[in-house]
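Here is a walk through the charged pairs, the packing and a few buried spots of this protein. Have the coordinates open as you read.

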Amino acid sequence: MSTTRRLLSGSLASWARILVTMVTQLALVPIYLAHWTVETYGIWITVQAITLVITTLDKGHVDYLGYEFLKLGSHRKDDIRRRLWSGIDVLLLVGVAELTLLALVLFSFPVVEQVNYHHAIQPELVNQTKWVLLISCSGVLFLGNSTGLFFRALSVYGYFPRMCWWDLLNAIVSTLATVVAVLLGGNLLTVGIVFTISQLCVVLIEYIDIRHLLKKHGLAIQKADLRYGFANYVTSLTLAGRYFLESFRQQGIRLVLAPLVGVAGLAAFSTMRTVSNVALQGLSTLVNPLMPEIMRFVALREQKKMEAAFSTIWFVVVALLAPGIVGLQFVVKPLFANWTTHKIVFNPLLFALLSLSILVYAIAQPAMAILIGNNLLKAQLRIFGAVAGMVLVSMVALVPFVGVVGAGYALLSGELMLALLAQKQAQNWLETNGLAWPRKEFTRASVSVLIAAIGMIGMVLIPAGKDLITILTFVALLVNIRLYIRQLSDVAIHKINAVLMRFPSIQKVYSMVLTK
């Protein structure tokens with residue numbers, strides 16, 4: 001397969017995966033809530049969050065070896081093979097240890113019971129929760145991690161698109177299996193078992209393909225060097241630490257929130273956050289392909305092209321994401337009620353805070369690309385550590401007094417801190433390496449977030465003036481779009497047009513403003 005076809009296939013698979021994730025996030029909520037109680041749904045969400053946090057160290061190990069494979073290159077088969085099979089054995093051994101420790105904690109100490117102390121659920125559901133958590137973690141530790149490591153080794157030989165399609169198939173099959181189990185009346189434990197078994201079925205078929213490809217490229221199984229494997233594992237802990245802190249900000253917040261507001265409150269928070277996450281997935285379809293380009297332009301010290309890539313990402317925020325989120329705030333209340341089958345009460349302030357968190361996250365992406373792409377791990381650890389501390393302290397301080405809305409304030413404050421610290425660190429690095437941070441474009445993008453924030457909070461505080469506030473907000477955003485376009489270089493305008501060509505309907509809307 002040619003390089004162009006591989007890139008196209010990989011992009012299609014990635015976009016299809018994002019589309020499946022978006023559809024899944026939107027479609028499954030009403031199905032769950034129609035057949036389960038809000039408490040059961042909240043527990044299911046909590047189990048997923050705990051699983052992601054528990055398996056963070058292994059994700060760091062897998063990604064670290066993946067970077068090593070890429071650095072070695074396809075011609076160093078023996079080195080790749082040694083790292084691969086040593087890594088597989090270490091993953092299995094560590095997985096057994098982690099699962100054993102988890103089982104001891106769950107069944108020897110009243111962990112779940114303590115989390116649920118102020119919001120009692122049935123003892124049977126508590127017991128199901130423990131088993132579902134074990135089953136969910138075992139699926140990731142013994143299926144997801146091993147296939148992920150094989151995935152990264154084979155990507156060196158041009159099989160990234162092929163592995164992406166396998167990942168897509170796994171997501172589709174496991175989602176459909178889960179839906180069928182819920183529709184047939186399956187309880188929490190049944191759905192957890194069905195979800196993991198469906199993944200196992202796909203992975204077993206995937207292993208046949210992986211085994212064939214490994215043999216083809218001289219990477220067949222060999223005796224592992226455990227000392228070498230564990231040395232790599234220890235080295236990967238720095239990367240895993242960064243992942244853990246980032247995971248806490250995204251998923252671990254649920255673990256802190258559950259004992260403070262109960263599983264029903266957690267379900268309300270997570271469901272409202274789902275809508276914001278769909279916006280984030282839409283952002284990813286436009287932004288992710290630009291990240292490798294940013295790093296290439298930075299490496300070549302091409303200031304104008306780097307600024308064009310930055311400006312394109314911020315254009316998505318200024319012209320698409322900010323107006324879209326404001327419009328959604330205006331119409332979402334009745335849609336949310338129908339979507340959740342009227343089982344979860346819509347909180348407009350919480351929804352606004354979560355949506356604004358996505359906007360702040362979006363404008364920070366160019367700065368984060370600089371930090372991640374240049375492996376500034378110490379800086380990342382400092383930033384993510386400070387942000388995690390801010391979110392944790394804010395939640396503990398606010399949630400007992402203002403309820404679940406406090407989690408929204410905490411998350412937004414964390415994203416603001418992340419954006420400011422990342423921007424400062426990225427700016428320093430760029431200036432040290434002969435480049436400049438695009439101040440004007442960043443400031444104008446930040447203004448769009450401020451306009452959206454004023455408009456959305458205004459809608460919440462003055463519901464009687466909602467229509468007028470929305471109109472004024474859109475006018476202000478439109479003016480800001482024009483001002484943003486006027487300060488862009490011709491290179492940036494060309495780049496934005498090139499990106500929008502992939503989305504003709506969006507391009508038509510903005511064709512009139514993409515001229516100076």
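Glu302 is partly exposed, with a relative accessible area of 25%. Bear in mind that this is a predicted model. Glu302 pairs up with Lys305 in a salt bridge, the closest N and O atoms being 3.3 Å apart. Lys305 is partly exposed too, at 39% relative accessible area. Elsewhere, Lys59, Asp63 and Arg152 are joined into one network by salt bridges that share partners.

How many salt bridges turn up in the whole structure? The search finds eight. Three of them are laid out here, with the gap between the closest N and O atoms.

| Positive partner | Negative partner | Closest N and O atoms |
|---|---|---|
| Arg76 | Asp79 | 2.8 Å |
| Arg82 | Asp225 | 3.1 Å |
| Lys305 | Glu302 | 3.3 Å |

Take the Arg82 and Asp225 pair, which ties together distant parts of the chain. Arg82 belongs to helix α4 (residues 77-108), while Asp225 is in the loop between α8 and α9 (226-235), and 143 residues separate the two. Are these two partners buried or exposed? Arg82 counts as partly exposed because its relative accessibility is 33%, which falls between the cut-offs of 20% and 50%. Asp225 is partly exposed as well, at 29%. As for the other arginine pair, Arg76 comes out at 39% relative accessibility and counts as partly exposed, and Asp79 is partly exposed with a value of 25%.

Now for a charged residue without such a partner. Glu206 sits in helix α8 (residues 188-216). Glu206 is buried, yet it makes no salt bridge. Which side chain of opposite charge is nearest to Glu206? That is Arg162, 9.2 Å away, so the pair misses the 4 Å cut-off for a salt bridge. Leaving out neighbours within four places in sequence, Glu206 is in contact with Thr147, Met163 and Trp166.

Helix α8 also holds Leu188. With a relative accessible area of 1%, Leu188 is under the 20% cut-off and therefore counts as buried. What does Leu188 touch, if residues up to four places away in sequence are not counted? The list is Trp36, Thr40, Ile43, Trp44, Leu125, Gln128, Thr129 and Val132. Look at Thr129 in particular: Leu188 and Thr129 are 59 residues apart in sequence, but 7.4 Å apart in space, C-alpha to C-alpha.

On to the nonpolar packing. The largest nonpolar core takes in 120 residues, and those with the most contacts inside it are Leu257, Ile294, Leu359 and Met395. Which helix gives this core its largest share? Helix α12 (residues 303-339) does, with 17 residues. Ile294 touches Ala309, Phe310, Ile313, Ala369 and Ile370, again not counting residues up to four places away in sequence. Apart from the largest core lies another one, of 28 residues, including Ala153, Val156, Leu214 and Leu219.

Last, the cysteines. A disulfide is a covalent bond between the sulfur atoms of two cysteines. How many disulfides does a search of the whole structure find? The search comes back with zero. Cys137 has 0% relative accessibility and so counts as buried. Cys164 counts as buried as well, at 9%.

Definitions and conventions. Residues numbered from 1 in each chain as written. Predicted model: local features only at pLDDT ≥ 70, side-chain atom pairs only at ≥ 80, totals over all residues. Heavy atoms only, no water. Helix = DSSP H or I, 4+ residues; strand = E, 2+ residues; numbered from the N terminus. Buried < 20%, exposed > 50% of the residue type's maximum accessible area, 1.4 Å probe, protein only. Lys, Arg positive; Asp, Glu negative; His and termini not counted. Contact = heavy atoms within 4.5 Å. Core = buried A, V, L, I, M, F, W, Y, C linked by side-chain atoms within 4.5 Å. Disulfide = S-S within 2.5 Å.
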